[in-house]
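Student: I am new to this structure and would be grateful for a close look at a single part of it. Please take the nonpolar core as the starting point and work outward through the strands around it.

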Amino acid sequence: FTVRLWDVATGLPLGEPFQGHTSSVLSVSFSPDGTCIVSSSSNSTVRLWDAATGMQLGEPFRGHTSSVESVSFSHDGTRIGASHHNLNSTTVLLKNDGWTVGANRRLLFWVPPASRQPFYSPQTLFVMPSGLDIDLSRMAHGEH
């Protein structure tokens with residue numbers, strides 16, 4: 001139920017664990033400037049932390065109705081995006097090769113390497129609401 005930082009070079013933990021979540025932590029992300037960390041939990045909350053001290057900043061963000069599976073900062077660090085899975089949503093995956101894959105492994109679109117930064121990293125998930133479909137009939141594309 002904690003968030004912990006690790007030194008990449010030594011493999012040793014840095015400081016004490018960040019404590020406050022009351023159930024499993026599912027996702028963690030650094031702010032673009034590295035000063036804050038956001039984490040999400042299976043208890044439907046999102047928490048914001050001071051990266052240097054490990055202290056929680058403010059109260060938990062509430063409003064999701066199920067486990068918050070993914071969190072990320074916007075590129076300018078002014079917003080936090082959080083998603084939970086519900087049975088009426090379609091999970092879309094950005095694969096390492098840049099292809100986004102939807103339901104039934106359907107290729108949706110390809111993201112060029114120079115445009116992948118906003119997606120944070122390969123294997124990032126995003127969720128489309130139920131009933132939403134991407135119409136690619138007028139999109140210029142080739143064969144995979």
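Tutor: In this predicted model, the largest nonpolar core consists of seven residues: Cys36, Val38, Val46, Leu48, Val68, Val71 and Phe73. At least two of these residues come from each of three strands, namely E4 (36–41), E5 (46–50) and E6 (68–73). The greatest contribution is that of E6, with three residues. Leaving aside residues up to four places away in sequence, cysteine 36 is in contact with Ser29, Phe30, Ser31, Leu48, Trp49, Ala51, Leu57 and Phe73. There is also a second, separate core; it has six residues, among them Val3, Leu5, Ile37 and Ala51.

Strand E4 deserves particular attention. Six of its six residues are buried, which leaves the strand mostly covered. In a regular strand, side chains alternate between the two faces of the sheet. In E4, Cys36, Val38 and Ser40 point one way, whereas Ile37, Ser39 and Ser41 point the other way, and all of them are buried. Cys36 and Val38 belong to the largest core, while Ile37 is included in the second.

Serine 41, also in strand E4, merits a closer look. Its relative accessibility is 0%, and it therefore counts as buried, the limit being under 20%. A polar atom of its side chain lies 3.0 Å from the backbone oxygen of serine 24. Beyond residues up to four places away in sequence, serine 41 touches His21, Ser23, Ser24, Val25, Leu26, Ser67 and Val68. Of these, Val68 is a member of the largest core.

Strand E4 has pairing partners as well. Strand E3 (residues 25–30) runs antiparallel to E4 and is joined to it by five bridges; serine 27 has serine 40 of E4 as its bridge partner. E3 and E4 form a hairpin with five residues between them, and in the turn glycine 34 has a positive phi of about 80°. The pairing of E4 with E5 is likewise antiparallel, over five bridges. Here serine 40 stands opposite valine 46 in E5. The hairpin of E4 and E5 has four residues between the strands, and serine 44 adopts a positive phi near 75° there.

Strand E5 also takes part in an aromatic pair. The count of such pairs comes to one. It is formed by phenylalanine 18 and tryptophan 49, whose ring centres are 5.5 Å apart and whose planes stand at 45°, so the pair is described as tilted. Phenylalanine 18 is in strand E2 (residues 13–19) and tryptophan 49 in strand E5; with their positions 31 residues apart, the pair links distant parts of the chain. Both residues are buried. Tryptophan 49 is also one of the residues that cysteine 36 touches.

From E2 the description passes to strand E1 (residues 2–6). Its covered face carries Val3 and Leu5, and its uncovered face carries Thr2, Arg4 and Trp6. Val3 and Leu5 are included in the second core. On the uncovered face, the charged end of arginine 4 sits over the ring of tryptophan 6, at 5.7 Å from the ring centre. E1 and E2 pair in the antiparallel sense over four bridges, and tryptophan 6 stands opposite proline 13 in E2. The two strands form a hairpin with six residues between them, where glycine 11 in the turn has a positive phi of about 75°.

How values were computed:
Residues are numbered from 1 along each chain as its sequence is written. This is a predicted model: local features need pLDDT of at least 70, side-chain atom pairs count only at pLDDT 80 or more; totals for chains, interfaces and linings use all residues. Side-chain values use heavy atoms; hydrogens and water are left out. A nonpolar core is a set of buried Ala, Val, Leu, Ile, Met, Phe, Trp, Tyr and Cys residues joined through side-chain atoms within 4.5 Å. Buried means under 20% relative accessible area, exposed over 50%, partly exposed in between (1.4 Å probe, protein chains only). Contact means heavy atoms within 4.5 Å. Rings of Phe, Tyr and Trp (its six-membered ring) pair if their centres lie within 6.5 Å; planes under 30 degrees apart count as stacked, over 60 as edge-to-face and the rest as tilted. A charge sits over a ring if NZ of Lys or CZ of Arg is within 6 Å of the ring centre and within 35 degrees of the ring normal. A polar contact is a pair of N or O atoms within 3.5 Å; within protein, one must be able to donate a hydrogen and the other to accept it, and residues adjacent in sequence count only if both atoms are side-chain atoms. Two strands pair if DSSP finds at least two bridges between them.
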